[in-house]
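Hi,

Here is the model I promised to pass on. Have a look at it first, and then read on for my notes.

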Amino acid sequence: MNQSIRIAPSILAADFSKLGEEVAAVAEMGADLIHLDVMDGHFVPNISFGPGIIASIRKYTDLPFDVHLMIEPVDNYIEAFVAAGSDIITVHAEAGPHIHSTLQKIRALGIKAGVALNPGTPIEALDNLWDLVDLVLVMTVNPGFGGQSFIESQLCKVSALRRKISQLGHPVSLSVDGGINRETANKSVQAGADTLVAGSAVFQLKGVTYSEAIEQLRNP
Ligand code: DX5
Ligand code: ZN
């Protein structure tokens with residue numbers, strides 16, 4: 001049993017008409033984190049939801065809320081997402097312009113900070129940020145939509161990040177996001193990922209319970 005792997009269902013693929021129940025269901029069925037994809041129609045070509053929705057579903061579980069902000073600019077919204085109940089806020093290295101101060105701001109508000117890297121962004125983007133980073137989110141699709149195909153070239157990035165993280169003096173989670181299914185979960189874990197974000201492969205598998213879907217990803 002691969003219990004050290006954390007599964008973070010992305011509610012982007014859930015039934016939005018009963019979001020609270022969906023969150024409670026995956027929490028009860030073995031999820032470790034709830035992944036919340038915030039999209040602004042500007043940094044990414046899609047619009048999802050904001051802090052109001054997050055605050056309204058906060059009461060459905062005690063699991064950590066792993067909030068992935070695909071918005072630009074981001075700084076003016078950090079406080080609202082913390083107030084909504086975020087436990088980790090992940091911002092994109094590409095969303096700039098001052099990622100170092102954005103991470104400082106998140107940490108100063110008492111929660112964990114993550115950095116997401118788009119498929120075209122090298123790991124060197126993290127070079128001067130490591131002391132402020134609790135989580136790295138490797139985008140294994142270009143961000144904006146659920147249900148896309150995993151980009152295999154990102155596995156090398158995961159391996160390189162695992163080597164880098166093992167040399168740091170503090171723990172950093174290494175998460176992959178996009179196109180995660182049993183096969184790509186296995187490849188990602190082999191490459192060094194410890195957290196798997198999955199939308200379609202949790203919420204949209206036919207004939208499979210949420211519990212089975214989560215365990216299949218944890219033990220692919
Ligand atoms: C994409 C989002 C992902 C997405 C994953 O921009 O960051 O979290 O919901 O969806 P699947 O697992 O369906 O690829
Ligand atoms: Zn995401």
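R162 comes out as partly exposed, with a relative accessibility of 26%. Keep in mind throughout that this is a predicted model. The partner of R162 is D194, and their salt bridge has its closest N and O atoms 3.0 Å apart. Because R162 sits in helix α5 (residues 154-166) and D194 in the loop between α6 (182-191) and β8 (195-198), the pair ties together parts that are 32 residues apart in sequence. D194 itself is buried, at 18% relative accessible area; the cut-off for that is under 20%.

That is one of seven salt bridges in the structure. Another one brings together the side chains of R107 and D134, at 2.9 Å from N to O. R107 belongs to helix α4, while D134 is in the loop between β5 (112-117) and β6 (135-139), so here the parts being tied together are 27 residues apart in sequence. R107 is partly exposed at 28%, whereas D134 counts as buried at 16%.

K187 and E183 make a more local pair, if you want to look at helix α6: they are four residues apart there, so about one helical turn separates them. Their side chains meet in a salt bridge at 3.3 Å, N to O. K187 counts as partly exposed, with 29% relative accessibility. There is also a network, in which salt bridges that share partners join D32, E215 and R218.

Now for the metal. Which residues hold the zinc ion (ligand 2) on the protein side? The donors are H35 (through NE2), D37 (OD), H68 (ND1) and D177 (OD), and they lie 2.0 to 2.3 Å from the ion. Along the chain, the donors follow the spacing H-x1-D-x30-H-x108-D. H35, in strand β2 (residues 34-39), and D177, in strand β7 (residues 173-177), are 142 residues apart, so to speak of distant parts of the chain being linked is fair. Six donor atoms surround the zinc ion, and the angles they subtend run from 67 to 168°, which makes the arrangement octahedral. H35 is buried, with a relative accessible area of 0%, and D177 is buried too, at 8%.

D177 turns up again around ligand 1: there are 20 residues around that ligand, and D37, G144, D177, G199 and S200 come nearest. Here are the contacts I would look at:

- S200 has a side-chain N or O atom 2.3 Å from an oxygen atom of ligand 1.
- G144 places a polar backbone atom 2.8 Å from an oxygen atom of ligand 1.
- G147 has a backbone N or O atom 2.9 Å from an oxygen atom of ligand 1.

How much of ligand 1 does the protein cover? On its own the ligand has 380 Å² of accessible area, and the protein covers 99% of that.

Last, the backbone. Most peptide bonds are trans, but two cis ones are worth a look. E72 and P73 are joined by a cis peptide bond, with omega about 0°, and P73 lies in the loop between β3 (65-70) and α3 (78-83). The bond from G96 to P97 is cis as well, with omega near 0°; P97 is in the loop between β4 (88-92) and α4 (99-108).

Cheers

Key: Residues numbered from 1 in each chain as written. Chains lettered and ligands numbered in written order. Predicted model: local features only at pLDDT ≥ 70, side-chain atom pairs only at ≥ 80, totals over all residues. Heavy atoms only, no water. Donors = N, O, S within 2.8 Å, 3.2 Å for Na, K, Ca; no water. Tetrahedral: all angles 85-135°; square planar, octahedral: opposite > 155°, others 65-115°. Helix = DSSP H or I, 4+ residues; strand = E, 2+ residues; numbered from the N terminus. Buried < 20%, exposed > 50% of the residue type's maximum accessible area, 1.4 Å probe, protein only. Salt bridge = Lys/Arg side-chain N within 4 Å of Asp/Glu carboxyl O. Near = heavy atom within 4 Å. Polar contact = N/O pair within 3.5 Å; in protein donor to acceptor, adjacent residues only side chain to side chain. Areas by Shrake-Rupley, 256 points an atom, 1.4 Å probe, with all protein chains shown as cover.
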